[in-house]
Structure formats: C-alpha cells, structure tokens
Amino acid sequence: MSRSRSLMSGMLVTGFVLYFLLNEPETGHAMHIMEGFLPVEWALFWWAAFLPFFLLGLRSIKRRVQDNPELKLLLGVAGAFAFVLSALKIPSVTGSSSHPTGTGLGAILFGPLVMSVLGTLVLLFQALLLAHGGLTTLGANAFSMAVVGPFVAYGVYRLVLRANGGQRLAVFLAAALADLTTYVVTSLQLALAFPAASGGVAASFAKFAGIFALTQVPLAVSEGLLTVLVWNWLQSYNAKELSQLPLLKREGM
C-alpha cells in the first residue's frame, strides 16, 4: 500500500509539472524580478538578508531526513508543487510578474525554514532553465517568496488552528496570505530600489502594490483553494507520512 501511494504521488507531481510546462505561454516578461534589474547594492543587500535563512533551512532538512528518511517523497511533492505554481506567469509591473507561489503547502508540512531551501531551489531552476528571474536577483526573489511567504503561511496556519478555525480554513488562509505577502515584499523591494521622484518610497510602493493587486488577489484565492485540494489528497493517500511530521503530530493527526 505504501509503495502504491508513493507511485501515485510521483505520477501526480510529474503530471502537474509536464502539463503546466508544456502549456505555459511564452512571454518575455515571464519572470520574477529579472536578471540585472535591481541596483547592485540592493541585490547584495537581499542576498545578505536571505542567506541565513537558507543555511538554517539546510540544517533543518538534514535533521528531518535523518530522523525520517521516508519523508523525502513529501519533500519532493512540496518542492514540485511550488515549482509548478510559481512557473505560471502573468506579466505585471515592469521587470516583474504575477504568479502563484506554492510555498504555503511546504511551510505547513515542514515549517518555514525547510521552504527557504525548497523555494530557493525552485527559483534557481527557473532562473537557469526557464529564464524566469535571475542569479543577481535570486536573493531578493528568494527573500520574498522562500522566506517571508513561508513564515507568514506557517504563522497564519498556527493562529487559525489555535482560534479553532478549522484545518481547511487554516490551509486556505495560509496559502493565500503567503502568496499576497510575497508580492507586498516584492513591491517594497522595487519601491526601495526605485523611489518615485514625487512621494519617494511610499508613492512607489503604492504604485507597485496597486498594479500587482489586480492580478495577485484572484491568484491568491485560487492558490488557497488549490492548496486545500492537494491537502485533502495528501490526507487521503499519505496519511501515514503526514502523521510522522512533528508539526502535525501536535495536532493529533
């Protein structure tokens, strides 16, 4: 039964990846903050802010895999889910794009530090293989999507559960708000790098965030609903693996 569940999990992830990659429309704007778009000082700043979380995440993954090697499949599912969703691009603010992030699921399953690594690997593969984002801007993109987003997802999930809001509601809000927060941070990053001539950083932030909101709010709601569906699927076919996750043991799963 365990081998059958693993096979089904692998087939589902592979199907998602192939479908979305083969059907993604080609566009020159399909990327995160693109290569070379940020001034050097800001690119270095976001790299410095992001790296400590990445290093802590590597240690967290190593510890979890050593304690429970069978969780490797779920790690792969969380990473593939983030890869597939964040590969869907809708051109938005100049030099960037709107898209789902997919980081909420992994943050709920493994905690935000693990997703700092998985999310960064997703961004790296996209930069190298799909021309989405870039290496100089990887620190900024990873800080918004792989650091802030997962921490928000984890915090919202725990808060909703403590308020007896229900697990599915917690999953939905965690995924949706992680998505929205990622783009709030991206808007701030762009505003800091390119303050408006009139109004400075605040005016620039309002402009970027306002444009992003047109596409990101419906995307966040859609991501929340899809994450709930995947969560239900995992509970049906991978309940044994889920019960071994420390974060979920405390919920009595």
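Accessible areas come from the Shrake-Rupley method with a 1.4 Å probe. By this method, the chain exposes about 11,400 Å². Carbon and sulfur atoms supply 70% of that area. The model is a predicted one.

The chain has 253 residues, and 49% of them count as buried. Contacts with a separation of 6 or more were also examined. Residues 24 or more positions apart account for 77% of these contacts. The secondary structure comprises ten helices and two strands. Three helices open the order of elements from the N terminus, two strands follow, and helices then run to the end: α-α-α-β-β-α-α-α-α-α-α-α.

Two helix pairs are described here. Two packed helices are described by the angle between their axes and the distance between the axes. The first pair to be taken up is H5 with H6. Helix H5 spans residues 112–129, and helix H6 spans residues 138–162. Their axes come within 8 Å and cross at roughly 145°. The crossing of H5 past H6 is right-handed. On the H5 side, the contact involves Pro112, Leu113, Met115, Ser116, Gly119, Thr120, Val122, Leu123 and Leu124. On the H6 side, it involves Leu138, Asn141, Ala142, Met145, Ala146, Val147, Pro150, Phe151 and Tyr154. By class, the residues of this contact are 14 nonpolar and four polar. No charged residue takes part in the contact of H5 with H6.

The other pair is H4 with H8. Helix H4 covers residues 103–110, and helix H8 covers residues 200–237. The axes of H4 and H8 come within 9 Å. They cross at roughly 45°, and the two helices are therefore oblique to each other. H4 passes H8 in a right-handed crossing. H4 contributes Thr103, Leu105, Ile108 and Leu109 to the contact. These residues meet Glu223, Thr227, Val230, Trp231 and Leu234 of H8. Six residues of the contact of H4 with H8 are nonpolar, two are polar and one is charged.

A further local feature lies in a loop. Helix H6 (138–162) is followed by a loop that leads to helix H7 (167–193), and Asn164 is found in this loop. Asn164 is not a glycine, yet its phi is positive, at about 60°. The relative accessibility of Asn164 is 70%. Exposed means over 50%, so Asn164 counts as exposed.

Technical notes. Residues numbered from 1 in each chain as written. Predicted model: local features only at pLDDT ≥ 70, side-chain atom pairs only at ≥ 80, totals over all residues. Heavy atoms only, no water. Axes fitted to C-alpha atoms, helices over the stretch in contact; angles between N-to-C directions. Helix = DSSP H or I, 4+ residues; strand = E, 2+ residues; numbered from the N terminus. Parallel < 35°, antiparallel > 145°, perpendicular 65-115°, else oblique. Left-handed = near helix turned anticlockwise from the far one by under 90°. Contact = heavy atoms within 4.5 Å. Nonpolar A, V, L, I, M, F, W, Y, C, P; charged D, E, K, R; others polar. Buried < 20%, exposed > 50% of the residue type's maximum accessible area, 1.4 Å probe, protein only.
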